[in-house]
Amino acid sequence: MRRYGLRDDQWERIKDLLPGREGHAGGTAADNRLFVEAVLYRCRAGIPWRDLPARFGDWKNVHRRLRRWCESGVIERIFRYLAADHDNEYMMIDSTIVRAHQHSAGALKKGGRNQAIGRSRGGLTTKIHAICDALGNPVEIDITPGQDADITQAEQLLEKIDPDAFLADRAYDADRLIDRLTEREITPVIPSKSNRTTQRKTDFALYRERNPVKRFFNKIKQFRAIATRCDKLKSTFLAAVQFASVIILLN
């Protein structure tokens, strides 16, 4: 089924970005496409790794290989390659919370490293932060514990982009962010909070164009492994979100 596999034209766009491709040091990986489709199947269906269909091979080998790709940044590089072709007219930021399954808990916190799982009203949750362009395509993505404020990742995600205008809701109305946008000559389209002494002027006609980022979250939550987090490690779940974004960018 197409939802659980790649079309030939989609595969052609990414095959040369993968380790083990023809001419790549270390030989070739004839099963690269099978492996990518195994990861896609798991992301779509949201199944435990051990329930991966036998046609994809030993689930332990698939998971082990995915971890290698996570640690070496392969999936992030593919995402950034596809996301680089974005619309710079304006971009928008928002976040969404996903529930963390009980299987996602219990990872060892080596060196005090957090795994982006926190407690909020919904229990154990993870928050996905995303910047999308005017077409609703993801440009920057990060994850944090669910209780973190929306604005915590805004400046960090903004560092690698340069839109003409930046759209966000009132949760991002902070002097530090507004000053940073102004300093970079990016027009802030962020309504003022009601408790501001001086209300800033906002282009509400442009602000109403902010819904593509909401539609992106709707698309990404069609992947069951994203809508409910089962991955223990932050790097694995972030790679899953980036992988799902790659599929969206390929469509």
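This report walks through the cores, helix packing and a few single residues of a predicted model.

**The nonpolar cores**

Let us start inside. The largest nonpolar core holds 58 residues, and I128 and I226 have the most contacts within it. Helix α10, residues 234-250, supplies the largest share of this core with twelve residues. A second core, separate from this one, has 16 residues, with M91, I161, F166 and L177 among them.

What does I226 touch once its neighbours within four places in sequence are left aside? The contacts of I226 are V98, I128, I220, F237, A240, V241 and A244. I128, named above as one of the two residues with the most contacts inside the largest core, is thus also a partner of I226.

**Helices that pack on α10**

Two helix pairs involving α10 are set side by side below, and you may like to follow them in the structure.

| Pair | Angle | Axis separation | Residues by class |
|---|---|---|---|
| α2 and α10 | about 105° | 11 Å | seven nonpolar, no polar, one charged |
| α8 and α10 | roughly 105° | within 10 Å | five nonpolar, one polar, one charged |

How should the angle between α2 and α10 be read? Angles of 65 to 115 degrees count as roughly perpendicular, and with an angle of about 105° α2 and α10 are therefore roughly perpendicular to each other. Helix α2 spans residues 32-45, and its side of the contact is made by V36, V39, L40, C43 and R44, while α10 offers A240, F243 and I247. A240 of α10 appears in this contact and also touches I226.

The axes of α8, residues 211-220, and α10 cross at roughly 105°, and these two helices are therefore roughly perpendicular to each other as well. Here F216, K219 and I220 of α8 meet V241, A244, S245 and I248 of α10. Several of these names will be familiar: I220, V241 and A244 are also in contact with I226.

**One buried face on α4**

Helix α4 covers residues 74-83, and its buried residues are V74, I75, I78, F79, L82 and A83. Why do these residues line one face of the helix? Looking down the axis of α4, the buried residues fall within an arc of 165°, so they line one face. The background is a simple piece of helix geometry: an α-helix has 3.6 residues a turn, so residues three or four places apart point the same way. What do the buried residues of α4 pack against? Their partners are α1 (8-14), α3 (59-72), the strand β4 (138-145) and, once again, α10.

**Residues in the loops**

Two residues other than glycine have a positive phi. A116 has a phi near 60° and sits in the loop between β1 (90-100) and β2 (118-120). Is A116 buried or exposed? With a relative accessible area of 0%, A116 is buried. E185 also has a positive phi, of about 60°, without being a glycine. The loop that holds E185 runs between α6 (175-183) and β6 (187-189). E185 has 71% relative accessibility and counts as exposed.

Last comes K15, placed in the loop between α1 and α2. Its relative accessibility of 29% makes K15 partly exposed. How far apart are K15 and I186 in sequence and in space? K15 and I186 are separated by 171 residues in sequence and by 36 Å from C-alpha to C-alpha.

Key:
Residues numbered from 1 in each chain as written. Predicted model: local features only at pLDDT ≥ 70, side-chain atom pairs only at ≥ 80, totals over all residues. Heavy atoms only, no water. Core = buried A, V, L, I, M, F, W, Y, C linked by side-chain atoms within 4.5 Å. Buried < 20%, exposed > 50% of the residue type's maximum accessible area, 1.4 Å probe, protein only. Helix = DSSP H or I, 4+ residues; strand = E, 2+ residues; numbered from the N terminus. Contact = heavy atoms within 4.5 Å. Axes fitted to C-alpha atoms, helices over the stretch in contact; angles between N-to-C directions. Parallel < 35°, antiparallel > 145°, perpendicular 65-115°, else oblique. Nonpolar A, V, L, I, M, F, W, Y, C, P; charged D, E, K, R; others polar. Arc of directions from axis to C-beta.
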